[in-house]
Amino acid sequence: MENAALAKILSQISIILELKEDNLFKIRSYQKAVSNIENLAESVSEIYKKGGRKALEEIDGIGSGISERIEEILTTGKSSYLEELHKDIPESVVEMLGVQGVGPKLVIRLYKDLGIKSVDELLSAAKKGVLEKLDGVREKRIENIIKGIENLKKMDKKHLIGEALPYAEILLRSIGEKPFVSKAIICGSLRRMKETIGDIDILAVSSDPKRLSDVFTSLPQVIRVTAKGETKSSVVLENNMNADLRIVKEDEFGSASHYFTGSKQHNIKIRKIAISKGLKVSEYGVFKGSKRIAGKTEDELFNALGMQYIPPELREDSGEIEAAQRKTLPNLLEITDIKGDLHMHSDYTDGTASIEEMARAAKKLGYKYIAITDHSKSTKVAGGLTEKELLKQMDEIDGINKKLPGFKILKGSEVDILKDGSLDFSDGLLSRLDIIVASIHSGFSASKDEMTKRIIKAMRNKLVNIIAHPTGRLLGKRLPYEVDIEKILSEAAKTHTIFELNSYPDRLDLNDVHCRLAKEKGVKISINTDSHSTNNLLYMKFGVGTARRGWLTKKDVINTLGLKDLLDYLK
DNA sequence: GCCGTTTTCGGCCCGACTGTTTTCAGTCG
């Protein structure tokens, strides 16, 4: 079982415990276990196979109780505890929690007192005025519930970072340009560069908070205001994303940005450490008794707690706090370290720009090289090249290279890994290229074993340099195909095969957790954009963000090398 | 339910906004 599936079951347990008003700390224990499992590079299932319950209990946040639940889930595929809990509270009742403004207390009263069992029943009850039977629920509250349900139905939960970031940048610009705003930054999961984003958080410093709230809540992108105050406002945007604005004082900016950036688990641990040192951390600063000792900058905050500055992308409570205390945090990759892009398409196949246009756009970004890697003949939907077309393309690249001093276009191919693990072009043809990127575009439904063998066979071909989008997922559209990622990464360490981190916002494949695993196994990563137009080259920032979340440094990433070193490595 | 550089028992992060109230509980992050 995948970690994500296991985490989901434990998360459902924690939600029902919350509805049942069980011990708050017990609930928090389950939540912590969920978050730790989601951020774990190793498969919990494998850990259990190797070391049983005892090994499970070595995972942070998992003790005797939860290890017993996990054991049952891994061996039977389900949790009798969860099924027991569901007898009291069915799944459809739990779904009412998704409505903004409806929390655990209200859900229970809706269910127990009024017999409302689902979001749909809640909507019709709200419209009929049935909800007024409940204490503390009157006109305004009912109106909010109806709006909340309408919003829930429109919203497809999480948004890709590729959608959220441009929106957040628009809001940030609109606010930041006002004369009464001295500072404004994006916080939340967006600043941590998560692949999907729940809502947009913006933090600002203003000499006129009231006026800033007015400006924010009346921006043209806002369709509804859900809260508005001197320090905090919330709105719904036209793309059905929520956006929050927090306004703080200049000397609180560091502690506030730390707090609003999260993650929640990271913040909880930071505050716990503060307590152990006789300090208190809140969004207003670090306090010793009533005396404020830090908070103007994040640096100051971490320093006051005796640790290194922790980059936002690492703040998931997955070991970064301990590393910062030991002062052993990695020196993370920067976007300026990237010297080239090794996977992109031209108008020879399904790209929209010519080879020369792609090259000039990349050169403008400061790159030293790119690889043109159009599809091979099997990928017919993308207009894959025949042998003859590929040869013609190679000639054209030679010509363009002569026109671009200080820049090099590598001749490449994104060659299909066929069902039996062989490649779509002959070794003879492939050996004439500078770089071979191999990937899977068909037969996604093969078994885990077959898929793993298929990829390993391709990796063992000495001509293959990079495995592209190794799990094949399309966020929100297609699940990753079944493949034993640990096994293929172990094999990659032996064959010196590079793995791609594909920067397309709906791929981000390898993901952050896999990147960290690859690094542990000594597998090099190439961060590529898989561009189909010159604009797509800018997706690099999403790949770099994901790489940073995966603890990658400059030396873990192959396309930080200069051209000569890169060519040596590829050989 | 987890955890331990005081601890194997007794702690467990912190604060703002809303609606419906006259002082606060619920919700959210």
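Q: In this predicted model, which residue in β15 stands opposite Val437?
A: Strand β14 covers residues 435–439 and β15 covers residues 466–467. The two strands pair in the parallel sense over two bridges. Opposite Val437 in β15 stands Ile466.

Q: Which strands stand at the edges of the sheet?
A: The open sheet has seven strands, with parallel pairing, in the order β11-β12-β13-β14-β15-β16-β17. A strand at an edge has a single partner, so one of its sides is left without a neighbour in the sheet. That applies to residues 340–341 and residues 525–528, which are β11 and β17.

Q: At about what angle does helix α24 run to β13?
A: Helix α24 spans residues 563–570. It lies across β12, β13, β14 and β16. Its angle to β13 (408–416) is about 35°.

Q: How many of the ten residues of helix α23 are buried?
A: Helix α23 runs over residues 540–549. Its buried residues include Met540, Phe542 and Arg549. Among the elements that cover them are α10, α22 and the strand β16. The helix is largely enclosed by the rest of the structure, because the buried count is nine of the ten.

Q: Which residue just after α23 takes a positive phi?
A: Helix α23 ends at residue 549. Just after the helix, a phi of about 65° appears. The residue is Trp551.

Q: Phe302 and Tyr309 form an aromatic pair: stacked or edge-to-face?
A: The whole structure holds five aromatic pairs. In the pair of Phe302 and Tyr309, the centres are 5.7 Å apart and the planes stand at 90°. Planes over 60 degrees apart fall in one class, so this pair is edge-to-face.

Q: Is Phe302 buried or exposed?
A: Buried means under 20% relative accessible area. Its partner Tyr309 has 33% and is partly exposed. Phe302 has 0%, so it counts as buried.

Q: How many residues apart are Phe444 and Tyr481?
A: These two rings are stacked, 5.9 Å centre to centre with 15° between the planes. Phe444 sits in the loop between β14 and α20, and Tyr481 in the loop between β15 and α21. The pair links distant parts of the chain, with a separation of 37 residues.

Q: Which residues form one aromatic cluster?
A: One member belongs to helix α23, where Phe542 is buried. Phe542 shares the cluster with two Tyr residues. The full set is Tyr504, Tyr539 and Phe542.

Q: How far from the ring centre of Tyr81 is the charged end of Arg69?
A: Lys280 has its charged end over the ring of Phe287, 5.4 Å from the centre. Arg69 has its charged end over the ring of Tyr81. There the distance to the centre is 3.7 Å.

How values were computed
Residues are numbered from 1 along each chain as its sequence is written. Chains are lettered from A and ligands numbered from 1 in the order in which they are written. This is a predicted model: local features need pLDDT of at least 70, side-chain atom pairs count only at pLDDT 80 or more; totals for chains, interfaces and linings use all residues. Side-chain values use heavy atoms; hydrogens and water are left out. Two strands pair if DSSP finds at least two bridges between them. Helices (H or I, at least four residues) and strands (E, at least two) are DSSP runs, numbered from the N terminus. Contact means heavy atoms within 4.5 Å. Axes are lines fitted to C-alpha atoms, for helices over the stretch in contact, and angles run from 0 to 180 degrees between N-to-C directions. Buried means under 20% relative accessible area, exposed over 50%, partly exposed in between (1.4 Å probe, protein chains only). Rings of Phe, Tyr and Trp (its six-membered ring) pair if their centres lie within 6.5 Å; planes under 30 degrees apart count as stacked, over 60 as edge-to-face and the rest as tilted. A charge sits over a ring if NZ of Lys or CZ of Arg is within 6 Å of the ring centre and within 35 degrees of the ring normal.
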